[in-house]
Amino acid sequence: MPRVVFLLVPRVHLLDVAGPAQVFSTADDLGHPYTLTYVAEEPEVATVQGLVLRTETAWPSLAPDDLIVVPGWRGPTRPASAGTLRRLRDHHASGGTVAGVCAGADALGRAGLLDGRRCTTHHTVQDELARLHPRAEVVKDALYVEDDRIVTSAGVAGGIDAALHLVAARHGPRAAGEAARAMLVHMHRDGTADQVSPLLRWRSHVDETVHRLQDLIETRFAERLPLRLLAEATGCSERTVTRLFSRATGLTPLAYQTALRLERAGHLLERGATAETAARAVGFEDARALRRLRARPGRTMHSKEASWTQAHP
């Protein structure tokens with residue numbers, strides 16, 4: 001069972017802890033097991049909002065599938081010790097993922113994990129992060145950024161987006177969608193194509209028929225899904241399926257499926273898969289098709305440019 005370890009520092013922001021924790025707890029409720037652990041250098045940590053949190057002071061043993069999350073805080077506060085920062089480095093070096101929410105990115109920078117990597121944080125402290133860690137590439141006005149198993153987010157509600165992104169990367173977009181709907185959070189968040197999941201970008205509508213279609217596509221995105229099959233699943237005509245889907249999302253069903261395939265292939269490539277392996281895992285015929293689509297401007301096909309036939313994904 002993967003473990004999510006939250007490293008808490010004094011004056012931590014409550015939502016930076018609770019938001020991501022709720023995402024992983026909800027994913028656990030939905031059948032994607034996680035164990036949540038909270039550690040700190042003292043047995044009690046006071047939040048900015050006044051609530052005192054009790055934590056463990058002994059770190060559990062971690063495996064590469066485990067995740068460390070460093071929530072943000074309001075300064076001034078005592079930074080993590082050298083020993084704690086070493087734990088962050090060691091976990092990443094062993095193949096694990098480390099995430100920083102809001103000012104938590106500073107702890108990752110102090111551990112040397114931002115050097116040469118893209119990252120982000122809350123817009124009010126982006127310049128400060130860049131000043132403190134000049135070897136980092138700070139991406140401004142992004143909700144979250146992932147670079148080589150280092151995930152950073154803008155903080156507050158952005159920590160929820162980053163956690164949903166991690167759930168989607170590990171369990172597929174439908175799992176993240178189910179978690180978001182269970183939490184009643186908005187699925188649409190502004191951001192660039194590389195930083196926001198197609199799941200989050202095109203799930204903000206209220207058309208239940210299209211949601212059912214998206215559930216089907218997300219569950220079977222690596223398969224051939226002709227329009228006929230989608231029409232039968234919803235009891236609609238093929239023309240109605242295309243019209244409803246395009247009106248709700250701005251995409252054809254094929255374009256949505258392609259976006260999901262590209263996102264999943266990108267996660268596999270980041271984790272060391274070859275282009276050929278990633279391509280076949282998500283349903284493309286070969287690596288050439290994957291490379292061609294990844295090179296396209298915008299990466300996804302909108303309705304007006306989706307000239308492919310739905311029968312040939």
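Q: A crossover counts as right-handed if, looking with the strands pointing away from you, the path from the first strand over the helix to the second runs clockwise. Which elements make a right-handed β-α-β unit here?

A: In this predicted model, the unit consists of strand E1 (residues 3-7), helix H1 (residues 14-29) and strand E2 (residues 35-39). The β-α-β unit they make is right-handed.

Q: How do you know that E1 and E2 pair, and in which sense?

A: Pairing asks for at least two bridges between the strands. E1 and E2 have 5 bridges and run in the parallel sense, so they count as a pair. One of the bridges can be found at Val 5, whose partner in E2 is Thr 37.

Q: What makes E5 a partner of E1 as well?

A: The test is again at least two bridges. Strand E5 (residues 67-70) shares 3 bridges with E1, in the parallel sense, and Phe 6 has Val 69 of E5 as its bridge partner.

Q: Why is E1 called largely enclosed?

A: A residue is buried when its relative accessible area is under 20%. In E1, 4 of the 5 residues are buried, so the strand is largely enclosed by the rest of the structure.

Q: What order do the strands of the open sheet have, and which ones stand at the edges?

A: The open sheet has 6 strands in the order E2-E1-E5-E6-E10-E9, with mixed pairing. E2 and E9 (144-147) stand at the edges: each has a single partner strand, so one side of each lacks a neighbour in the sheet. From one strand to the next, the twist averages 15°.

Q: What makes the pairing of this sheet mixed?

A: Look at the two sides of E10 in the strand order. Strand E6 (residues 97-101) runs parallel to E10 (residues 150-153), joined by 4 bridges, whereas E9 and E10 pair in the antiparallel sense, also over 4 bridges. With parallel and antiparallel pairs both present, the sheet is mixed. On the E6 side, Val 98 has Ile 150 as its bridge partner and Gly 100 stands opposite Thr 152. On the E9 side, Asp 147 stands opposite Ile 150. The hairpin of E9 and E10 has 2 residues between the strands, and Asp 148 takes a positive phi near 55° there.

Q: How do you know that both faces of E10 are covered?

A: Check the residues on each side. Ile 150 and Thr 152 on one side are buried, and so are Val 151 and Ser 153 on the other. Among the helices that touch the sheet, helix H5 (residues 158-171) lies across E5, E6, E9 and E10, running at about 150° to E10.

Q: How do you know that H5 runs roughly antiparallel to E10?

A: An angle over 145 degrees counts as roughly antiparallel. H5 runs at about 150° to E10, so the term applies.

Q: Why are H6 and H8 called oblique?

A: The axes of helix H6 (residues 173-183) and helix H8 (residues 208-219) cross at roughly 140°. Oblique is what remains outside the ranges under 35, 65 to 115 and over 145 degrees, and roughly 140° falls in none of them. The two helices are therefore oblique to each other. Their contact is made by Pro 173, Arg 174 and Arg 181 of H6 and Asp 215, Glu 218 and Thr 219 of H8. These residues divide into 1 nonpolar, 1 polar and 4 charged.

Q: Why is Thr 209 called buried?

A: The limit is under 20% relative accessible area, and Thr 209 has 18%, so it counts as buried. Thr 209 is found in H8. Leaving aside residues up to four places away in sequence, Thr 209 touches Thr 234, Cys 236 and Leu 244.

Q: What makes Val 139 buried, though it lies in a loop?

A: The same limit is used for loops. Val 139 has a relative accessible area of 15%, which is under 20%, so it is buried. Val 139 lies between strand E8 (137-138) and E9, and its C-alpha atom is separated by 5.1 Å from that of Thr 120, 19 residues apart along the chain.

Q: How many helices and strands does the chain have, and what share of its residues count as buried?

A: There are 13 helices and 10 strands. Of the 313 residues, 53% count as buried.

How values were computed. Residues numbered from 1 in each chain as written. Predicted model: local features only at pLDDT ≥ 70, side-chain atom pairs only at ≥ 80, totals over all residues. Heavy atoms only, no water. Buried < 20%, exposed > 50% of the residue type's maximum accessible area, 1.4 Å probe, protein only. Contact = heavy atoms within 4.5 Å. Axes fitted to C-alpha atoms, helices over the stretch in contact; angles between N-to-C directions. Nonpolar A, V, L, I, M, F, W, Y, C, P; charged D, E, K, R; others polar.
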